[in-house]
Amino acid sequence: MEKSYSSLTVLFEPPFWVGIFELTYNGRYCACKVTFGAEPTDPQIYEFILRNFTSLEFSPSIKAGEHCDKRINPKRLRREINRQQQSFQKSTKSQQALSLLHSEKKQLAKKRNKEFRIEEKERIYELKKQKRKAKHRGY
């Protein structure tokens, strides 16, 4: 039986508050980065998840590590959470997934820009051709 896990980490990257959604399913891992702007409250985050989670653009999936379901003592869990909050670093997997998404978007933008430049050159060439024809009509 395959399980899926998701998590949201909200952190401050000057000058904005950023949320990193991490999703693990079927042994695959993907991430999504969302910019909140001002510091979001818990109800705002909850509303954002309810309204926008299905429309989030996650990175292409990469192979995930093992996830254990070991039961942890609540006090120990609270201490671990506090430790993580004090020294947060983006997980390498999320960095990999987000950089993969960024590179795909960059390639798509390059392709679109190249097509636009080619179309613009053709349009300018056609205009020049029409002007030359108009000059040779003899009016």
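This is a short tour of the chain, from its overall outline to its nonpolar cores.

The model is predicted, so that local features need pLDDT of at least 70 and side-chain atom pairs count only at pLDDT 80 or more, while totals for chains, interfaces and linings use all residues. Residues are numbered from 1 along each chain as its sequence is written, and side-chain values use heavy atoms, with hydrogens and water left out.

Begin with the whole chain as a C-alpha trace, which fills a box of roughly 95 × 35 × 25 Å along the principal axes. Its radius of gyration is 25 Å, whereas a compact globule of 139 residues would have one near 14 Å (taken over C-alpha atoms; the globule rule is 2.2 Å times the number of residues to the power 0.38).

Next, colour by secondary structure: from the N terminus the elements run β-β-β-α-β-α-α, where helices (H or I, at least four residues) and strands (E, at least two) are DSSP runs numbered from the N terminus.

Now select Phe21, Leu23, Cys30, Cys32, Val34, Phe48, Leu56 and Phe58, the largest nonpolar core, that is, a set of buried Ala, Val, Leu, Ile, Met, Phe, Trp, Tyr and Cys residues joined through side-chain atoms within 4.5 Å, with buried meaning under 20% relative accessible area (1.4 Å probe, protein chains only). Strand 2 (16–25) and strand 3 (28–37) each give two or more residues to this core, and strand 3 gives the most, with 3 residues.

Centre on Phe48, which, leaving aside neighbours within four places in sequence, is in contact (heavy atoms within 4.5 Å) with Phe21, Val34, Phe36, Phe53 and Leu56.

Finally, select Ala31, Ile62, Ala97 and Leu98, which are among the 5 residues of a second, separate core.

Terms used: Buried means under 20% relative accessible area, exposed over 50%, partly exposed in between (1.4 Å probe, protein chains only).
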